Amino acid sequence: MKAYWPYSSPVGMLWIAENGSGITDIFGSSDFVPPASAKQETPLLKAAAEQLAEYFAGTRRQFSLPLCPQGTPFQLRVWQALRQIPYGETRSYQQIAAVAGNPKACRAVGMANNRNPIMIVVPCHRVIGKDGSLTGFGGGLEMKAYLLDLEKRVLAEGRER
């Protein structure tokens, strides 16, 4: 059974879920509650909330949480490729498709991004259109722009942890 807990963030309420082994979900809508789950704050959920707070404060660039996303083998490769995008940088769907092993799978990368269950920690917000435009994001384009601007601002100010 999963446990989940709400976390108030600068981009709104986030819901964090875990399965006893790792974080399974971070989502921005209380409309989605993981199946077979209980609202319960666990040490892992508390650690995830603390790391998110550090991220939003500009003192954390990398997360050190055990993750347990559920997806197809291709989705898992895409999500792993997303985790390799350096803080404050972006990549195109085409670049992620190449890293995931199928350079022509730009649309499939877009769908994998759309199904990313662990937003922010698995930074799908760092994927943009080939022309540099902001494209779809589960939390909305306003949240995506906020996250990218936060990372650029932190880099410009030289804050780090």
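1. Let's start with helix α4, which spans residues 106-114: Val109, Ala112 and Asn113 are buried there. Looking down the axis of α4, you'll find these buried residues within an arc of 100 degrees, so they line one face of the helix. Bear in mind that this is a predicted model.

2. What sits over that buried side of α4? The cover includes α2 (73-82), α3 (93-99) and β6 (127-128). Turn to the face pointing away from the buried side and you meet the exposed residues Arg107 and Asn114.

3. Asn114 comes up again at the largest pocket, whose volume is about 320 Å³. The lining counts 19 residues, and Asn114 is among the closest to the pocket centre, along with Asn116, Met119, Gly138 and Gly139. Two elements worth colouring here are β3 and α4, since each supplies at least two residues of that lining.

4. If you're wondering about the chemistry of the pocket wall, how many residues of each class does the lining have? There are nine polar, eight nonpolar and two charged ones. Gly counts as polar in this scheme, so Gly138 and Gly139, both among the residues closest to the centre, go in the polar class.

5. On to the charged pairs: the structure holds four salt bridges. One of them joins Asp25 to Lys2, with 2.9 Å between the closest N and O atoms. Asp25 belongs to strand β3 (residues 23-27) and Lys2 to strand β1 (residues 2-9), so this pair ties together parts that lie 23 residues apart in sequence. Asp25 has a relative accessible area of 7%, so it is buried.

6. Another of the salt bridges pairs Arg60 with Glu54, and here the closest N and O atoms are 2.7 Å apart. Are these two partners buried or exposed? Both Arg60 and Glu54 are buried.

7. Then there is Arg91 with Glu89, a salt bridge whose closest N and O atoms are 3.1 Å apart. Partly exposed covers the range between the 20% and 50% cut-offs, so Arg91, with a relative accessible area of 25%, is partly exposed. Glu89 sits at 35% relative accessibility, so it also counts as partly exposed.

8. A quick wrap-up for when you open the model: α4 has a face lined by its buried residues, and α4 also contributes at least two residues to the lining of the largest pocket. Strand β3 contributes at least two residues to that lining as well, and Asp25 of β3 pairs with Lys2 of β1.

Technical notes
Residues numbered from 1 in each chain as written. Predicted model: local features only at pLDDT ≥ 70, side-chain atom pairs only at ≥ 80, totals over all residues. Heavy atoms only, no water. Salt bridge = Lys/Arg side-chain N within 4 Å of Asp/Glu carboxyl O. Helix = DSSP H or I, 4+ residues; strand = E, 2+ residues; numbered from the N terminus. Buried < 20%, exposed > 50% of the residue type's maximum accessible area, 1.4 Å probe, protein only. Arc of directions from axis to C-beta. Contact = heavy atoms within 4.5 Å. 1 Å grid on protein atoms, 1.4 Å probe; cavity = no way out; pocket = protein on both sides within 12 Å on 5 of 7 lines; lining within 4 Å. Points joined across faces, edges and corners; volume = space filled by probe spheres on them.
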